[in-house]
Amino acid sequence: MNRIQIVSGCNEKGPACVLVETDAARLLLDLGYGPDPDRRPDLAGIGTVDALLLSHGHRDHTGSLALARGIGDPQVWCTAPVAAMLPPETRTAILPSAGQCEVAGLRVQTGRNGHAPGGVWLHLGTGHGDLLYTGDCSIESPVHAFDPPPAARVAVVDASYGDYDTPLTEAAQALVDLLAGRAGAVPDAVLPVPPGGRGPEIAWYLATRRGWPVQLGDDLRQAIERLCVEAAHGLRPGLRESLRDLARSAPGLSAEPGLRLAGSADGSTGESAALLERFADQPQVAIVFTGYLPHGSPARALTEAGRARYLRWNVHPRRRDIVALARSCGVRHLLPAFGEHAAMARLRAELDPVEMITAREHSW
Ligand SMILES: [Zn+2]
């Protein structure tokens with residue numbers, strides 16, 4: 001028998017952590033922190049695991065590695081770009097970005113998740129019907145490639161957006177409309193973005209597709225350069241050259257009108273924190289956040305005060321993407337992760353006859 005338990009990230013935007021138990025092995029998938037402050041998975045009662053597999057390098061999937069000491073200090077399996085982001089003392093083993101390997105006696109297949117540098121979905125051959133864990137994923141990214149996963153009986157799927165179903169093309173157009181401002185004027189804004197996430201996508205889109213004056217923070221420029229070298233395998237065809245040109249040619253942050261993109265995403269640290277301090281009292285400069293607004297962050301405070309705007313830039317699957325994924329993989333039981341179940345009524349209806357399981361555990 002196989003058993004899966006969503007240790008953390010069930011019915012909430014919480015840190016990712018999933019336990020898989022098969023006849024052969026016990027594996028932990030992801031061990032995150034946040035995105036709200038002080039949120040860590042509760043590993044009490046988990047016991048010893050044979051291996052820890054990481055889907056991608058974002059903090060809400062990898063930020064609690066220190067807790068692994070309490071579950072037998074397992075070897076950490078991840079792709080090379082993700083391994084490069086982890087603390088140097090981490091005992092890593094390398095997963096392919098798209099391919100097969102064996103972990104603790106289980107056949108593990110991976111494919112690019114369309115979401116982050118070195119990010120993969122994980123497909124486990126469990127012996128009683130295979131399991132797919134998407135981690136975070138997106139099929140819409142203009143930058144990151146997505147590989148269709150193989151058939152799976154049970155799937156734990158990124159449902160961060162719940163019933164949301166707006167295409168990225170429309171979300172991007174809404175961002176353009178907001179930034180366009182006065183006719184003829186150069187768009188003038190601060191956009192705090194995650195350098196290791198949607199930052200390069202938004203910068204590339206605004207600069208290359210729209211031809212707008214994009215200014216890059218040092219952290220974002222370095223992230224784009226790393227993307228072109230260490231994580232180039234995960235890029236869509238032709239993007240490497242285009243991103244490299246952007247990193248070389250875009251000016252740095254300045255007071256000149258333009259679109260200033262820099263981390264951190266919530267404006268709490270780094271160059272975006274300095275930008276917010278500098279421009280918050282200059283209403284002609286728009287401030288736009290495009291991702292999750294953590295409690296207690298400048299992102300949430302400025303948005304709630306009406307000084308900043310929030311517009312989602314899709315980096316997780318829409319409702320239609322989840323339904324299509326379940327159909328194409330022949331999934332029978334789907335556990336939605338990283339979102340509130342109350343916001344998934346239409347998803348549940350459209351998945352039928354695939355059963356949406358909202359319990360924390362499932363056995364097969
Ligand atoms: Zn992520």
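In this predicted model, the centres of domain 1 and domain 2, taken over C-alpha atoms, are separated by 28 Å. Domain 1 is made up of residues 3-163 together with 315-363, while domain 2 covers residues 168-310. The points below take up the contact between the domains, then a parallel sheet, a pair of crossing helices, and helix 9.

**Contact between the domains**

- Where domain 1 and domain 2 touch, 21 residues of domain 1 are in contact with 20 residues of domain 2.
- On the side of domain 1 that touches domain 2, the residues comprise 10 nonpolar, seven polar and four charged.

**The five-stranded sheet**

- Five strands form an open sheet with parallel pairing, and their order across the sheet is 13-14-12-15-16.
- Strand 13 (214-216) and strand 16 (309-310) stand at the edges, and because each has a single partner strand, one side of each is left without a neighbour in the sheet.
- Strand 15 (residues 286-289) and strand 16 run parallel and are joined by two bridges, and across this pairing Phe 289 stands opposite Tyr 310 of strand 16.
- Helix 7 (residues 270-279) packs on the sheet, where it touches strand 12 (189-192), strand 14 (259-262) and strand 15, and the direction of helix 7 makes about 140° with that of strand 14.

**Helix 4 against helix 5**

- Helix 4 (residues 199-209) and helix 5 (residues 218-229) have axes that come within 10 Å and cross at roughly 95°.
- Angles of 65 to 115 degrees count as roughly perpendicular, and helix 4 and helix 5 are therefore described as roughly perpendicular to each other.
- Helix 4 contributes Gly 199, Pro 200 and Ala 203 to this contact, and helix 5 contributes Leu 220, Ala 223, Ile 224 and Leu 227.
- By residue class, the contact of helix 4 with helix 5 divides into six nonpolar residues, one polar residue and no charged residue.

**Helix 9 and its surroundings**

- In helix 9 (residues 319-328), the buried residues are Asp 321, Ile 322, Val 323, Leu 325 and Ala 326.
- The elements that cover these buried residues of helix 9 include strand 11 (154-158), strand 17 (333-337) and helix 10 (345-351).
- Just after helix 9, the backbone at Gly 330 takes a positive phi of about 65°.

Terms used
Residues numbered from 1 in each chain as written. Predicted model: local features only at pLDDT ≥ 70, side-chain atom pairs only at ≥ 80, totals over all residues. Domains from an automatic or database assignment. Contact = placed C-beta atoms within 7 Å. Nonpolar A, V, L, I, M, F, W, Y, C, P; charged D, E, K, R; others polar. Buried ≥ 20, exposed ≤ 12 C-beta atoms within 10 Å, placed from the backbone. Helix = DSSP H or I, 4+ residues; strand = E, 2+ residues; numbered from the N terminus. Pairing = 2+ DSSP bridges. Axes fitted to C-alpha atoms, helices over the stretch in contact; angles between N-to-C directions. Parallel < 35°, antiparallel > 145°, perpendicular 65-115°, else oblique.
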